Amino acid sequence: MDHKAEPKEKIVNKIADTSFLPECWSDDRRMGILLAEFRPRQLNAASYDAKMKFWKDLIHSFCKASGSSVISISGLKEQFRRKGTVPYCLQTVLLDMLAKRELCKEGQLKVEQHTGPFGFNLWTAKQLIKAPLLWGYEVVLGSVTGTVNINENENFIVVAVAQQHAKTIERTIMERELYNKLLQYEDLVDLFNKTSSITRHGVEQALALLETCNRLTKQIIVCGGTSTVFIKFAGVNTVAQPITNIEKCIYELEQSENRLMKDITTVEQNISQTMNMVREYITDGRKQMAKTYLKKKKILEKNMQQKVNALENLQGILLKIHNCQSDKNVIEAYKLGTNALKNAYEAAGITIDQLDETMDEMKHVLEQHNEMSSMISTVSDSDVDELELEQELGDLIDIKLSENKIDKKDFPMPPATSTKENNTINVLDFDKEIEKRLAALRVDATDGYKLADHGL
């Protein structure tokens with residue numbers, strides 16, 4: 001679909017909305033001064049600069065309100081006509097904007113593309129200084145000598161507004177994740193007409209600026225005898241990539257899919273209408289006509305089945321193509337993960353041989369540790385016989401019991417045995433026996449003390 005620019009006299013139309021006009025617009029005295037031609041700057045530099053700023057700000061406000069960065073002197077005169085009076089100072093304002101690279105000719109956005117990261121500053125330096133350098137020199141010289149005049153019907157681009165529109169478009173593309181996808185130019189125009197105030201001409205100039213900055217690729221694709229302009233935006237922090245043959249094939253397949261779906265819908269409607277005719281003829285008793293339309297229905301159903309089969313095959317092909325792209329991404333992820341793991345091992349200095357050596361060394365050290373622990377647990381730090389100690393302690397307690405006149409018959413000693421196991425049992429019995437005797441001894445001593453306290 002062709003989207004060539006409309007005739008220049010129709011590009012900038014007078015808009016009905018005047019909310020962007022400043023408050024002083026209703027002041028006849030103030031506006032009489034502002035609409036008049038500029039007086040020489042050397043007479044009053046402050047007044048000259050204030051008036052220049054007023055008109056530049058007003059032009060920016062108008063462009064934002066109109067949704068287009070394209071202006072011309074004739075269009076601005078009609079837009080800013082006030083009580084039959086047009087501004088006579090616009091030639092001076094636009095000459096100053098051209099000299100300061102705030103304007104550029106409409107065709108300068110498409111002079112040449114540059115490579116490198118996205119940036120409007122780079123575009124400004126390259127396109128608005130280098131490319132139109134001769135034009136800027138002529139403007140500055142003409143503003144001094146008064147020999148340069150701008151064609152009032154010539155269109156110019158307000159650079160700041162075009163940049164703002166370009167940023168708005170890119171932000172919308174990123175938010176909707178439409179980058180790296182084929183988009184029709186007309187669909188983009190409709191999208192931004194609905195989601196923003198940017199008009200067709202605003203979109204066109206913003207896209208031209210983005211194309212100059214390598215933020216998008218534009219190409220005309222002929223499909224089915226129709227020429228369509230396609231746009232593919234670059235992703236974040238990348239430059240635009242060419243539209244590939246695979247993307248073109250996918251688009252053509254999707255278009256064929258849409259056509260088949262429309263054809264199937266049309267055939268279904270024809271079948272429904274044919275059945276209605278069959279019912280009417282049956283009601284009227286016209287058997288042969290009903291039979292004829294039944295045959296037509298059979299033919300339509302067969303035709304529809306063929307289209308359905310073709311649609312299923314086409315959708316299967318599209319699904320495989322999309323899966324192929326997905327598989328490619330998975331394989332790339334595997335490669336990245338493998339390389340990252342490999343680099344991590346190399347950075348840590350870990351190898352199979354080193355790991356085997358470390359594990360063997362650790363196993364040997366653990367075996368030595370277990371052996372040393374076993375040896376330490378078998379060492380005895382005393383040669384004294386525990387049973388002899390218990391017997392000696394028992395004899396001493398017996399003596400003490402005798403002194404306290406406690407009969408030791410009440411505490412018989414356990415029989416002695418010679419085996420190691422029985423020795424262990426005897427030691428335990430001795431412990432219990434000695435505890436009993438000590439308890440009896442403590443009880444007896446306590447009673448003695450009580451009697452002594454009572455003077456008994």
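At what angle do the axes of H2 and H4 cross, and within what distance do they come? The two axes cross at roughly 85° and come within 10 Å. H2 and H4 are therefore roughly perpendicular to each other. This is a predicted model, and the report starts from that helix pair.

**The chain as a whole**

The chain holds 14 helices and six strands. It has 456 residues, and 33% of them are buried. Its accessible surface comes to about 29,300 Å². Carbon and sulfur atoms make up 54% of that surface. Now take the contacts in the chain with a separation of 6 or more: 72% of them join residues 24 or more positions apart.

**H2 against H4**

Two packed helices are described by the angle between their axes and the distance between the axes. Which residues meet where H2 faces H4? From H2 come Tyr-48, Met-52, Trp-55, Lys-56, Ile-59 and His-60. From H4 come Leu-90, Thr-92, Val-93, Leu-94, Asp-96 and Met-97. By class, the residues of this contact are eight nonpolar, two polar and two charged.

H4 itself is largely enclosed by the rest of the structure, because eight of its 10 residues are buried. The buried ones are Leu-90, Gln-91, Val-93, Leu-94, Leu-95, Asp-96, Met-97 and Leu-98. Just after H4 sits Arg-101, with a positive phi of about 60°.

**The nonpolar cores**

The largest nonpolar core has 31 residues. Which of them touch the most other members? They are Trp-55, Ile-59, Phe-80 and Leu-94. At least two residues of this core come from each of helix H1 (28-35), helix H2 (45-66), helix H3 (73-79), helix H4 (90-99) and strand S3 (156-158). H2 gives the largest share, eight residues.

Leu-94 shows how parts of the chain come together. Leave aside its neighbours within four places in sequence. Leu-94 is then in contact with Ile-59, Ile-73, Leu-76, Leu-103, Ile-150 and Phe-156. Another core, of 26 residues, lies apart from the largest one. Its members include Val-70, Val-159, Ala-162 and Ile-231.

**H7 against H9**

A second helix pair is formed by H7 (residues 159-175) and H9 (residues 200-212). Their axes come within 8 Å and cross at roughly 85°. That angle makes H7 roughly perpendicular to H9. On the H7 side, the meeting residues are Ala-162, Gln-163, His-165, Ala-166, Ile-169 and Glu-170. On the H9 side, they are Gly-202, Val-203, Ala-206, Leu-207, Leu-209 and Leu-210. This contact has eight nonpolar, three polar and one charged residues.

Is His-165, a residue of H7, buried or exposed? His-165 counts as buried, because its relative accessibility is 6% and the cut-off for buried is under 20%. Setting aside its neighbours within four places in sequence, His-165 is in contact with Gly-67, Ser-68, Ser-69, Ile-198, Gly-202 and Ala-206. Gly-202 and Ala-206 also appear in the list of H9 residues that meet H7.

**Residues with more access**

The table lists four residues with their relative accessibility.

| Residue | Relative accessibility | Class |
|---|---|---|
| Ser-19 | 60% | exposed |
| Asn-180 | 45% | partly exposed |
| Asn-237 | 77% | exposed |
| Arg-259 | 41% | partly exposed |

Ser-19 is placed in the segment before H1. Its C-alpha atom is separated by 8.5 Å from that of Ala-65, although the two residues are 46 residues apart along the chain. Arg-259 lies in helix H10 (residues 245-284). What distance separates the C-alpha atoms of Arg-259 and Leu-311? The separation is 9.6 Å, and these residues are 52 residues apart along the chain.

The two asparagines belong to loops. Asn-180 is in the loop between H7 and strand S4 (183-184). It is not a glycine, yet it has a positive phi of about 60°. Asn-237 is in the loop between strand S6 (226-233) and H10. Asn-237 is not a glycine either, and its phi is positive, about 55°.

How values were computed: Residues are numbered from 1 along each chain as its sequence is written. This is a predicted model: local features need pLDDT of at least 70, side-chain atom pairs count only at pLDDT 80 or more; totals for chains, interfaces and linings use all residues. Side-chain values use heavy atoms; hydrogens and water are left out. Helices (H or I, at least four residues) and strands (E, at least two) are DSSP runs, numbered from the N terminus. Buried means under 20% relative accessible area, exposed over 50%, partly exposed in between (1.4 Å probe, protein chains only). Contact means heavy atoms within 4.5 Å. Accessible areas come from the Shrake-Rupley method with a 1.4 Å probe; for residues, only the protein chains shown count as cover. Axes are lines fitted to C-alpha atoms, for helices over the stretch in contact, and angles run from 0 to 180 degrees between N-to-C directions. Angles under 35 degrees count as roughly parallel, over 145 as roughly antiparallel, 65 to 115 as roughly perpendicular and the rest as oblique. Ala, Val, Leu, Ile, Met, Phe, Trp, Tyr, Cys and Pro count as nonpolar, Asp, Glu, Lys and Arg as charged, and the others, Gly among them, as polar. A nonpolar core is a set of buried Ala, Val, Leu, Ile, Met, Phe, Trp, Tyr and Cys residues joined through side-chain atoms within 4.5 Å.
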